[in-house]
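This report describes one protein model and the two spaces inside it. Look at the sequence and the structure first, then read on.

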Amino acid sequence: MTYVVTEQCIRCKYMDCVSVCPVDCFYAGETMLVIHPDECIDCGVCEPECPADAIRPDTDPSVQDWLALNAAYAAQWPNITEKGEPPADADDWKGKPGKRDLLTDTPAA
Ligand code: SF4
Ligand code: F3S
């Protein structure tokens, strides 16, 4: 089992999750983070830390497509171990529906 980053992270990318993960299993893209499913120890501490409510356990049936996406991008994007500066307009994107199309393949700089 693992936790999964979902659509609500896109363009918000607050990174509070990174600060609390005991095993540093977050990976960073330009517009969102993902969790490496083979590295997550399922501790659950990141879920309540996310201001955008973007993190879910993989036992949630509605996140199965996001689980596959997290696994794919965790293999491509760089590991992130410290919270950076969130996007200046992060709050404008918080809770917005239909952000899936704004996800890019680009790794974080
Ligand atoms: Fe890290 Fe725990 Fe969240 Fe998994 S559940 S990503 S180990 S903080
Ligand atoms: Fe994204 Fe929430 Fe972490 S917005 S970067 S999952 S704190």
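A residue is counted as near a molecule if one of its heavy atoms lies within 4 Å of it. The model described here is a predicted one. Of the 13 residues around ligand 1, the nearest are Cys21, Cys40, Cys43, Gly44 and Cys46. Sorted by class, the shell around ligand 1 has 12 nonpolar residues, 1 polar residue and no charged residue.

**The two cavities**

How many cavities of 30 Å³ or more are there? The count comes to 2. The table lists their volumes and the classes of the residues that line them.

| Cavity | Volume | Lining residues by class |
|---|---|---|
| Largest cavity | about 100 Å³ | 13 nonpolar, no polar, 2 charged |
| Second largest cavity | about 70 Å³ | 12 nonpolar, 1 polar, 1 charged |

The largest cavity has a volume of about 100 Å³. Of the 15 residues that line this cavity, Cys9, Tyr14, Met15, Cys17 and Cys50 are the closest to its centre. The second largest cavity is lined by 14 residues, and those nearest its centre are Cys21, Cys25, Cys40, Cys43 and Cys46.

Which ligand sits in which cavity? Ligand 2 sits in the largest cavity, and ligand 1 takes up the space of the second largest cavity.

**The surroundings of ligand 2**

The residues around ligand 2 include Cys9, Cys17 and Cys50. Val5, Leu33 and Ile55 are also among them, as are Tyr14, Met15, Pro51 and Ala52. Lys13 and Asp16 belong to the shell of ligand 2 too. By class, this shell has 10 nonpolar residues, no polar residues and 2 charged residues. Lys and Asp are types that count as charged.

**Residues of the loop between S1 and H1**

Strand S1 covers residues 3-5 and helix H1 covers residues 16-20, and Thr6 is found in the loop between them. Lys13 has its place in the loop between S1 and H1, and Arg11 is also in the loop between S1 and H1.

Is Thr6 buried or exposed? Thr6 has a relative accessible area of 10%, so it is buried, since buried means under 20%. The side chain of Thr6 reaches the backbone oxygen of Ala54 at 2.7 Å. This distance falls within the limit of 3.5 Å for a polar contact.

Lys13 counts as buried because its relative accessibility is 12%. Along the chain, Lys13 and Ala28 are 15 residues apart, and their C-alpha atoms are separated by 9.2 Å. Lys13 is also one of the residues around ligand 2.

Arg11 counts as partly exposed because its relative accessibility is 30%. The phi angle of Arg11 is near 70 degrees, which is a positive value in a residue other than glycine.

**A second positive phi angle**

Asp53 also has a positive phi in a residue other than glycine, here near 55 degrees. Asp53 lies in the loop between strand S3, residues 33-35, and strand S4, residues 55-57. The relative accessibility of Asp53 is 43%, so Asp53 counts as partly exposed.

**Residues farther along the chain**

Pro86 is placed in the loop between strand S5, residues 79-80, and H3. The relative accessible area of Pro86 is 22%, and therefore Pro86 is partly exposed. From C-alpha to C-alpha, Pro86 and Trp66 are 21 Å apart in space, with their positions 20 residues apart in sequence.

Gly98 has its place in the segment after helix H3, which covers residues 90-93. Gly98 counts as exposed because its relative accessibility is 61%, and exposed means over 50%. How far apart in space are the C-alpha atoms of Gly98 and Gln8? They are 9.1 Å apart, while in sequence Gly98 and Gln8 are 90 residues apart.

**In brief**

Ligand 2 sits in the largest cavity, with Cys9, Cys17 and Cys50 among the residues around it. Ligand 1 occupies the second largest cavity, and Cys21, Cys40, Cys43 and Cys46 are among the residues that come nearest to ligand 1. In the loop between S1 and H1, Thr6 is buried and Lys13 counts as buried, whereas Arg11 counts as partly exposed.

Terms used
Residues numbered from 1 in each chain as written. Chains lettered and ligands numbered in written order. Predicted model: local features only at pLDDT ≥ 70, side-chain atom pairs only at ≥ 80, totals over all residues. Heavy atoms only, no water. 1 Å grid on protein atoms, 1.4 Å probe; cavity = no way out; pocket = protein on both sides within 12 Å on 5 of 7 lines; lining within 4 Å. Sits in = over half its atoms within 2 Å of the grid points. Points joined across faces, edges and corners; volume = space filled by probe spheres on them. Helix = DSSP H or I, 4+ residues; strand = E, 2+ residues; numbered from the N terminus. Buried < 20%, exposed > 50% of the residue type's maximum accessible area, 1.4 Å probe, protein only. Polar contact = N/O pair within 3.5 Å; in protein donor to acceptor, adjacent residues only side chain to side chain.
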